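Work through the exercises below with the structure open. Try each task before reading its solution.

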Amino acid sequence: MAELPTFEHTPVDDIPAIAARVRSSFLSHKTRPLEFRIQQLRKLYWALKDNEALVTEACKRDLGKSSFETYLVEISWCMNDCVWMANNIPRFAKDEKPADIALSNQLMGPRIRKDPLGTALIIGAYNVPFRLSLGPLIGAIAAGCTAILKPSESAPHAAVVLAKIVAELDPSCYTVVQGAIPETTTLLDQKWDKIFYTGSETVGVIIAKKAAQTLTPLTLELGGKNPAIITRNANITLAARRLLWAKTLNAGQICLSQNCTFIDREVVPAFIQELKNTLNEFYPGGARQSPDYGRIVNQKQFQRLKQMLDTSSGKIVVGGTMDESDLFIEPTVVEVNDINDSLVSNESFGPLLPIFPVTDLDEAIKIANEVDDTPLGTYAFGNKKEMEQILSQTRSGGASLNDGFFHGSVPNLPFGGIGSSGQGAYHGKASFEAFTHRRSITTTPAWIDRMLDVRYPPYSLKKKQK
Ligand code: NAD
């Protein structure tokens, strides 16, 4: 078993000096050269590679994640992102020529420079602790920012491994601050040029208020009550398989997982049967015994989920067992029919799968919009026309047709929320842009002054007529 360092909070009194150091490194222009950024991304790649065993062990201890899932979702994603970003920095950082510039203005060589925003604070969530922290950091490095990373204290093993990995980079430019609310509050009291936050909507509001006081640009990656909609024309076997996967990965602790499935009444029995079949296929000896099924991160989240299920007026049709001592919650399907049910009106962020029978697609869309009209994701299963209707009558950060959150795993698609599920985006080029200022530049040649004469006082009617 890999040896993990111990989690310790960063002393609150040390935080201002740490932030000042990272800021002064930015002001020394050290991160401006592209070679420096590429070198840091390469270091990050190798730090991940060298610490693969520790990353796997940390995810196992914090979330009971299987090593395959950790490799797929955390390690390989971040390593690929380092390589892809390092290869693309020269292209992204290149000046851009704006289109549709009048001939007279073209003489001033208008262009858009890609300047780093400055010093960034990145606050991570616990559920995908490496990807959700290192993903934004990769964008910050690529853009030429310096950064402090504040991982979630709810995944303490991952947090210490993250610190070990980031320590392989230039320590004057990138570092980790460990802690919970007091440390994050102190961090938020420092001066930042960008704040990138991933987590709950409630805390997102606190962060946004803080950022507003200093007009600091902000990306918010939040959660939502993501609907899945299944019509009577959908492929029910496929819908069950894909949605069950989306809700059992990381034991449902995925911001993009569907929260409630609105399904045509006619196909409910077939859908429940397919969910049962698929569960047996995924976990032949039961989820509890399977090395592929995770655990709830801590007691607080376990009790929250238990309470959601206990207070639901729905009927459990699959699963329902829990074990507090092991933080285990079985994938649990509940048939509900009340929009105010605890499983519908709250984000579960766990392996609870409410299904809500509806009369037709119009009703499904109406209820889904009433529950949350700006979720992070929408998942549509039906024929082409129906899926198009779902897209054109709902809003969400992103959407996957015929799948659960596939769009979130395409590296170059911008990923982010809308309204209450967040603002701004990252992944691929969007990660670079999230930490970049588009600076408009012109260069006025000396010889052109005769043409510009008209702008200088003293003004006269004669000039107006020129
Ligand atoms: P959380 O909001 O409890 O914690 C996230 C971070 O905020 C942590 O680093 C934590 O230390 C910090 N924090 C907590 N309370 C704070 C406070 N009062 N002041 C300042 N900082 C504070 O979120 P979580 O429990 O880690 O994650 C679950 C939520 O995050 C869900 O709603 C989920 O949908 C969302 N999420 C969104 C994404 C996304 O990419 N959009 C990804 C993962 C999780």
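**Exercise 1. Place aspartate 14 and decide whether it is buried, partly exposed or exposed.**

Solution. The model is a predicted one. Start with the chain: aspartate 14 sits in the segment that precedes α1 (15-27). Next, count neighbours. Aspartate 14 has 12 C-beta neighbours inside 10 Å. The cut-off for exposed is 12 or fewer. Aspartate 14 therefore counts as exposed. Last, take a distance. Valine 177 is 163 residues away from aspartate 14 along the chain, yet their C-alpha atoms are separated by 9.6 Å.

**Exercise 2. Do the same for leucine 327: give its place, its exposure and its contacts.**

Solution. Leucine 327 belongs to the loop between β10 (322-323) and β11 (328-329). Its count is 19 other C-beta atoms within 10 Å. Buried needs 20 or more, and exposed needs 12 or fewer. So leucine 327 is partly exposed. Now list the contacts, leaving out residues up to four places away in sequence: Arg295, Ile296 and Phe302. Finally, compare leucine 327 with serine 440. The two are 113 residues apart in sequence, and their C-alpha atoms are 53 Å apart in space.

**Exercise 3. Describe how α2 packs against α4.**

Solution. Two packed helices are described by the angle between their axes and the distance between the axes. Helix α2 covers residues 34-50 and helix α4 covers residues 67-93. Their angle is about 170°, and the axes lie 9 Å apart. Angles over 145 degrees count as roughly antiparallel. That is why α2 is roughly antiparallel to α4. Then read off the residues. On the α2 side they include Leu34, Ile38, Leu41 and Tyr45. On the α4 side they include Ile75, Met79, Val83 and Ala86. By class, the contact of α2 with α4 holds 16 nonpolar, no polar and 3 charged residues.

**Exercise 4. Repeat the analysis for α4 and α6.**

Solution. Helix α6 runs over residues 131-143. The axes of α4 and α6 come within 10 Å and cross at roughly 10°. Under 35 degrees counts as roughly parallel, so α4 is roughly parallel to α6. From α4, the contact uses Val73, Glu74, Trp77, Cys78, Asp81, Cys82, Met85 and Ile89. From α6, it uses Arg131, Leu134, Gly135, Ile138 and Ala142. Sorted by class, the contact of α4 with α6 has 9 nonpolar, 1 polar and 3 charged residues.

**Exercise 5. Which residues are closest to the ligand, and which helix gives the largest share of the shell?**

Solution. Count the shell: 28 residues surround the ligand. The closest are Gly199, Ser200, Val203, Gly223 and Cys255. Next, assign helices. α8 (181-188) and α9 (201-213) each supply at least two shell residues. The largest share, 3 residues, comes from α8. Then sort by class: the shell has 12 nonpolar, 12 polar and 4 charged residues.

**Exercise 6. Judge the overall fold: how compact is the protein?**

Solution. Begin with the elements: the protein has 18 helices and 17 strands. Its radius of gyration is 25 Å, close to the 23 Å from the globule rule for 466 residues, so the protein is as compact as a globular protein of that length. The C-alpha trace spans about 85 × 55 × 35 Å along its principal axes. Of the 466 residues, 46% count as buried. Now check the contacts between residues at least 6 apart in sequence: 71% of them join residues at least 24 apart.

How values were computed: Residues are numbered from 1 along each chain as its sequence is written. This is a predicted model: local features need pLDDT of at least 70, side-chain atom pairs count only at pLDDT 80 or more; totals for chains, interfaces and linings use all residues. A residue is near a molecule or strand if its C-beta atom, placed from the backbone, lies within 6 Å of it. Helices (H or I, at least four residues) and strands (E, at least two) are DSSP runs, numbered from the N terminus. Ala, Val, Leu, Ile, Met, Phe, Trp, Tyr, Cys and Pro count as nonpolar, Asp, Glu, Lys and Arg as charged, and the others, Gly among them, as polar. Axes are lines fitted to C-alpha atoms, for helices over the stretch in contact, and angles run from 0 to 180 degrees between N-to-C directions. Angles under 35 degrees count as roughly parallel, over 145 as roughly antiparallel, 65 to 115 as roughly perpendicular and the rest as oblique. Two residues are in contact if their C-beta atoms, placed from the backbone, lie within 7 Å. The radius of gyration is taken over C-alpha atoms; the globule rule is 2.2 Å times the number of residues to the power 0.38.
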